[in-house]
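Colleague: Please choose one strand of this model and take me through it closely, and then go on to the side-chain pairs, the helix packing and the loops elsewhere in the chain.

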Amino acid sequence: MSAGVSTQQRRREMAAAAAAATSGAGRCRPSKIGASRRPPPARVRVAVRLRPFVDATVGASDTPCVRGMDSCSLEIANWRNHQETLKYQFDAFYGERSTQQDIYAGSVQPILRHLLEGQNASVLAYGPTGAGKTHTMLGSPEQPGVIPRALMDLLQLTREEGAEGRPWALSVTMSYLEIYQEKVLDLLDSTSGDLVIREDCRGNILIPGLTQKPITSFADFERHFLPASRNRTVGATRLNQRSSRSHAVLLVKVDQRERLAPFRQREGKLYLIDLAGSEDNRRTGNKGLRLKESGAINASLFVLGKVVDALNQGLPRVPYRDSKLTRLLQDSLGGSAHSILIANIAPERHFYLDTVSALNFAARTKEVINRPFTNESLQPHVLGPVKLSQKELLGPPEAKRARGPEEEEIGSLEPMAASASASQKLSPLQKLSSMDPAMLERLLSLDRLLASQGSQGAPLLSTPKRERMVLMKTVEEKDLEIERLKMKQKELEAKVLAQKAEDSKEKENHCPTILRPLLHRTVTVAKPLKKAVVMPLQLIQEQAASPNAEIHILKNKGRKRKLESLDAPEPEEKAEDCWELQISPELLAHGRQKILDLLNEGSARDLRSLQRIGPKKAQLIVGWRELHGRFSQVEDLERVEGITGKQMESFLKANILGLAAGQRCGPS
C-alpha cells in the first residue's frame, strides 16, 4: 500500500489545506506589502534519513527492516502480514550511505534564503532514541551537522547582503534553550530559572528574559554555542550512552534595516530543533530520574502528535498550550514558517515498532499547511523628526478648500514663494507623525506599489481622488475641532477677566462700612415658646396663701426636669430624683394616704384610674388583697407578683402629687 499517492490521502491533504486556510488566517500577520493578499500556503516538507547499523557485524548477518526504493520513497515490512510491505513517499529519502552534506544541501540550505526576505524557517529532527537525531543536527568535527553548516552559510549571506553600498544593514543574534521536564531553561545562562513562553499582539511567540548573543562570524558562534551545548542534559540508557534528556532549540534571529527610504525593517527567525527521542522504558531500562525524564519526553511528543492531527482535521482548537514544546513550535506547525522535518529511523529489527511510529508521524506531518509571510514594518525613527502642515500635506487645491474664510484672507497675503514650495512633489520621508498610523501605512504601501509599477519618483499623494478626499476630510475635522476648543477657551478666559473687573469696580464705588453687617452679622436667637401648665387648684391656693412662698412648675425635659420659679430670672436645674423635696410633707402624706385607701377599698375599675396601673395589674392587686388582707403601707405594693421596684417608683412619682391635690389622673 502507498502512503503518498493514494487518492484518500490526497483528499485529506486538500481538506487540511482548506482548513488551515480558514483557521490560520487569524494567527498569521500578512506582509506590509500587499496587505490585501493572503500569504501563499507552504506545506511542511519531510525528509527521512536511515542511519547505518551501529554494529557492522550485526549488519552483515541481519537484513534491515527498511529499504529505500528511490530518492523520495521507501518500504518497510508489514508486521501484520509478512508477505506485504508498507510504502511511504516523502519529499526526500536519504539512505545509510548518505552524508551530512547531502542532507544539508538537499533539504536545509534552500530555506535559508527566506530569512533574508524577513520570513521564518525551522528545522526539526524527529525520531526514536538512538536513531541519530543529535548526530544529524550537530555532527562531529569531521562531519559537521545541520546547525554548524547552516550558521556558516547564514553568516556568509548576511556579510554579503549587509556590505557597504547594499540597501540593507543586517545583524544576527543567537539564543539557545532546552525544554527539560516541561521547564524552559536558558543554556547560555545556566543561572536563570524556568522561563515563560509568551505571545504578543501579532501572534509571534517570544520568551522574555532569554539571553541573546550577537554574532558576526562563525568563531563568535562557536564561542557561545560550544559551552552552552555542554549544559544540555544528557544521560545513559541501554540503547544510547549519551541520550538527550531534553528538547534543544537554537534560535537565530536576522534583523534587517533599510539604509534608504522608506527605511523599512525586517526580522527573520531560524529555529533549529533537536527533539528528544521517544522511549520504550521496557527496552531502555529507565528507573528513577531517567523514568521521570522519559515520561516528560513521551508526554510532550504525544501532544505534538495531537497538534498535527488537529491541524490535519481542521479542528477549531489546536492544543498548542498543552505542552511547552508545542507552544514553542506554534510558528513551525500550522504557523508562518518554512518548516523541514527530518525523521531519523534505524534499520535494526528491534527498532521496528519505533520506526513504523516515526514514519506514520512523518506521513501525517507532511500534510500540515503553513502560511509564511514577510515580517516587515517601518523603523520607529522615521516618524519622529518631521511634521507636515495641512497646506503641505494636501497641496494647493485641497488646502484652499479645507481652509476657512479667515484663513483664506490671511493666505492671500502670503508670499508666492510659500505656495510654490507647497506645490512641490512630496516624498514618503516627509514628516507624517501627525497622521493616523493606519492611514500613513496605507499611503506608503500605495506609494511603493506605484513605484513598483514603473512610476519613477511618484509622490506620496499621487493617490486616487477618493483617497485624497478621505485624507482631506480627516485633517479638516481635526482642525475644526482644534479651532472650536480654542474659541471655547478664549470665551472662558474673557468671562473670568470680566468678572474680576466687575468685582474691582464694586470695591472702588462702595463704602467698606456697608459690607460690615455682612462680615459681622448678629445672630438672633428665637425666644422660647411659652407653655401653659395646668396645676391643681387647691395646690395653687395653698401656695398663694403664704406671701413668701414660691409657686413651682414641673417641666418634663428629657431625662431631667427643670424647676422654674415665676419670680426667679434663671431656671434652676435639679436632678429627677430630688423633685419630691419640693413638696410639703403635709401634701405628701395626704397623697400617700389616698393611694393607700384606694388600694385597700377600691375596685379593679377604681385601681385602673391610677397612673401606671392597667387592667392586668389591677386584677393582681385585688387578688393579692383577697389572699393577704389589707395593705399596711403603699410600699407593700411591691409584694404583688408582676410589680417590680422600678415600676413602684414610677407609680409613686406619677400618682402621689395628683392625689394629694385631690385630682385623679386617667389610666396610662
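Modeller: What follows starts with a single strand and then moves to other parts of the chain.

This is a predicted model, in which local features need pLDDT of at least 70 and side-chain atom pairs count only at pLDDT 80 or more, while totals for chains, interfaces and linings use all residues. Residues are numbered from 1 along each chain as its sequence is written, and side-chain values use heavy atoms, with hydrogens and water left out.

The part I would choose is strand E17, residues 337-345; helices (H or I, at least four residues) and strands (E, at least two) are DSSP runs, numbered from the N terminus. Nine of its nine residues are buried, so E17 is largely enclosed by the rest of the structure, where buried means under 20% relative accessible area, exposed over 50%, and partly exposed in between (1.4 Å probe, protein chains only). Ala337, Ser339, Leu341, Ala343 and Ile345 point one way from E17, whereas His338, Ile340, Ile342 and Asn344 point the other way, and all are buried.

E17 has two strand partners to describe, and two strands pair if DSSP finds at least two bridges between them. With strand E2, residues 45-50, E17 pairs in the parallel sense over six bridges, and here Leu50 has Ile345 as its bridge partner. With strand E7, residues 120-126, the pairing is also in the parallel sense and runs over seven bridges; Ser122 stands opposite Ser339 of E17.

Turning to charged side chains, the structure holds 18 salt bridges, a salt bridge being a side-chain nitrogen of Lys or Arg within 4 Å of a carboxyl oxygen of Asp or Glu. Glu199 takes part in a salt bridge with Arg321, with N to O at 3.9 Å. Because Glu199 lies in strand E10 (residues 198-199) and Arg321 in the loop between helix H8 (289-313) and helix H9 (324-328), this pair ties together parts that are 122 residues apart in sequence. Glu199 also forms a salt bridge with Arg327, and here the closest N and O atoms are 3.2 Å apart. That pair, too, links distant parts of the chain, with Glu199 in strand E10 and Arg327 in helix H9, 128 residues apart. As for accessibility, Glu199 is partly exposed at 32% relative accessible area, Arg321 is exposed at 62%, and Arg327 is buried at 9%.

Elsewhere, Glu117 and Arg113 meet through their side chains in a salt bridge of 4.0 Å, N to O, and Glu117 is partly exposed at 33% relative accessibility. Arg245, Glu279, Arg290 and Glu293 are linked in a network of salt bridges.

For the helix packing, helix H3 (residues 100-108) and helix H5 (residues 146-161) have axes that come within 10 Å and cross at roughly 55 degrees. That makes H3 oblique to H5, since angles under 35 degrees count as roughly parallel, over 145 as roughly antiparallel, 65 to 115 as roughly perpendicular and the rest as oblique. The axes are lines fitted to C-alpha atoms, for helices over the stretch in contact, and the angles run from 0 to 180 degrees between N-to-C directions. H3 passes H5 in a right-handed crossing, meaning that the near helix is turned clockwise from the far one by less than a right angle, a left-handed one being anticlockwise.

The loops come last. Between strand E15 (247-258) and strand E16 (264-274) lies Pro262, and the peptide bond from Ala261 to Pro262 is cis, with omega near 5 degrees. Phe263 is found in the loop between E15 and E16 as well, and its phi is near 60 degrees, a positive value in a residue other than glycine; Phe263 is partly exposed, at 22% relative accessible area. Gln181, in the loop between strand E8 (168-179) and E9, likewise has a positive phi, near 50 degrees, and is partly exposed with 22% relative accessible area. Ser192 lies in the loop between strand E9 (184-186) and E10. A polar atom of the Ser192 side chain lies 2.8 Å from the backbone oxygen of Asp189, while the C-alpha atoms of Ser192 and Leu210, 18 residues apart along the chain, are separated by 8.8 Å.

Technical notes:
A polar contact is a pair of N or O atoms within 3.5 Å; within protein, one must be able to donate a hydrogen and the other to accept it, and residues adjacent in sequence count only if both atoms are side-chain atoms.
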